[in-house]
Amino acid sequence: MEFWYTDQHTKDVRFSMKVVKQISVCESEFQRVDILETVEFGRVLIYDGELMITEKDEFIYHEMITHVPLAVHPHVFDVLVIGGGDGGTVRELCKYPSIKRIDLVEIDKEVVEMCKKHFQRTACSFDDKRVHIYFDEGLHFVRSPRQEYDLIIVDCADPYGPAEGFFTREFYGTCFKALKEDGILINQHESPFYKMHSLSVQKAHKHITQEFPLSLVYQCHIPSYPSGHWLFGFASKKYDPILDLREEEWNQLGLRTRYYNTDLHKGCFYLPNYVKELLGT
């Protein structure tokens with residue numbers, strides 16, 4: 001008998017992958033967490049039945065949520081990551097020796113422990129001395145800092161249930177206050193393709209533009225995510241992601257990436273017409 005895992009992209013669209021075996025399962029205080037071994041995508045991380053990351057394409061998501069702001073902002077020393085318990089964003093941040101502090105706020109301790117054990121290529125930098133893990137609700141944690149971070153990365157789940165609060169104007173305003181005078185906010189922005197997701201994109205972008213003087217959206221292609229077409233939000237108090245791109249300086253760092261490069265950086269902000277119409281730009 002074949003075993004298949006199916007991720008429900010919409011009520012009418014499903015994405016399935018053939019499973020080799022179940023690696024681990026846990027009913028945490030907040031959710032059910034499954035890790036499966038699949039034929040094509042390697043190990044996959046699932047929250048309450050919903051796909052979070054796969055071994056095969058997680059590098060795309062984590063590189064694009066991390067390197068885009070770091071190729072723009074010239075002095076990132078203090079970083080806050082909200083969510084990101086799989087460790088991929090922290091892994092990419094730790095490639096920069098100039099970063100002094102990485103605060104990770106993850107509500108579910110079980111996610112971090114399971115990923116340390118079963119996603120070792122992703123959760124490989126939690127022991128870096130610059131990384132400080134806080135098991136707390138991100139919405140609560142970010143209310144206290146004032147002009148403390150150069151970069152905030154919101155690496156959360158989809159805007160339903162516990163993560164819904166990360167897509168509100170109040171939350172983006174709180175992040176604005178927590179950022180230094182030239183800080184940058186990056187958030188995963190969902191897919192613009194299916195109606196249910198596109199409405200979340202539209203709503204989030206509207207809220208961010210009400211709080212930040214500069215707010216743009218950029219794109220990438222992640223095969224395992226709904227439609228494969230994924231967006232991120234770039235909100236800044238000062239820096240333009242194209243005009244202020246430090247292309248030569250970033251390339252001289254010699255960082256190894258599999259998806260991100262500075263040519264792609266410039267191109268990812270040029271959006272299809274249907275996305276521009278959705279955003280009202």
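In the predicted model, aspartate 155 is in contact with Tyr61, His62, Ile65, Val81, Ile82, Gly83, Gly84 and Thr89, when neighbours within four places in sequence are left aside. Aspartate 155 belongs to strand E9. With a relative accessibility of 7%, aspartate 155 counts as buried, because this value falls under the 20% cut-off. The C-alpha atoms of aspartate 155 and glycine 85 are 8.7 Å apart in space, although 70 residues separate the two in sequence.

A second buried residue was examined in helix H7, which covers residues 247-252 and includes tryptophan 250. The relative accessibility of tryptophan 250 is 4%, and the residue therefore counts as buried. Not counting residues up to four places away in sequence, tryptophan 250 touches His67, Leu70, Ala71, Tyr96, Leu255, Thr257, Tyr260 and Thr262. A separation of 9.7 Å was computed between the C-alpha atoms of tryptophan 250 and proline 74, and these residues lie 176 positions apart along the chain.

Methionine 114 is part of helix H3, formed by residues 109-118. This methionine is buried as well, with a relative accessible area of 7%. Its contacts, again not counting residues up to four places away in sequence, are with Ser24, Val25, Cys26, Val33, Ile35 and Phe119. Between methionine 114 and valine 201 the C-alpha distance is 30 Å, with their positions 87 residues apart in sequence.

Strand E3, which runs from residue 32 to residue 38, contains glutamate 37. Apart from neighbours within four places in sequence, glutamate 37 is in contact with Val19, Val20, Lys21, Ile23, Gly42 and Arg43. Glutamate 37 and glutamate 211 are 174 residues apart in sequence, and their C-alpha atoms are 42 Å apart in space.

Helix H6 was considered as a whole element. It comprises 15 residues, numbered 195-209. The distance from the first C-alpha of H6 to its last is 21 Å, close to the 21 Å expected at 1.5 Å a residue. The buried residues of H6 are His197, Ser198, Ser200, Val201, Ala204, His205, His207 and Ile208. In an α-helix there are 3.6 residues a turn, so residues three or four places apart point the same way. The buried residues of H6 pack against two helices, H5 (169-178) and H9 (273-279). They also pack against strands E10 (179-188), E11 (214-221) and E12 (229-236).

Backbone geometry was examined next. Most residues other than glycine have a negative phi. Glutamine 147 is not a glycine, yet its phi is positive, at about 50 degrees. This glutamine lies in the loop that links helix H4 (138-141) and strand E9 (149-155). Its relative accessible area is 54%, and glutamine 147 is therefore exposed, the cut-off being over 50%. Serine 227 also has a positive phi, of about 70 degrees, although it is not a glycine. Serine 227 is located in the loop between E11 and E12. With a relative accessible area of 31%, serine 227 is partly exposed.

The overall architecture of the protein chain consists of 9 helices and 12 strands. The radius of gyration is 18 Å, close to the 19 Å that the globule rule gives for 281 residues, so the chain is as compact as a globular protein of that length. Along the principal axes, the C-alpha trace spans about 55 × 45 × 35 Å. Of the 281 residues, 59% count as buried. Among contacts with a separation of 6 or more, 67% are accounted for by residues 24 or more positions apart.

The surface and the charges complete the description. The protein chain exposes about 12,800 Å², of which carbon and sulfur atoms supply 50%. The chain carries 32 positive and 43 negative charges, and the mean positions of these two sets are 1 Å apart.

Conventions:
Residues numbered from 1 in each chain as written. Predicted model: local features only at pLDDT ≥ 70, side-chain atom pairs only at ≥ 80, totals over all residues. Heavy atoms only, no water. Helix = DSSP H or I, 4+ residues; strand = E, 2+ residues; numbered from the N terminus. Rg over C-alpha atoms; globule rule 2.2 N^0.38 Å. Buried < 20%, exposed > 50% of the residue type's maximum accessible area, 1.4 Å probe, protein only. Contact = heavy atoms within 4.5 Å. Areas by Shrake-Rupley, 256 points an atom, 1.4 Å probe, with all protein chains shown as cover. Lys, Arg positive; Asp, Glu negative; His and termini not counted. Charge placed at Lys NZ, Arg CZ, Asp CG, Glu CD. Expected span 1.5 Å × (residues − 1).
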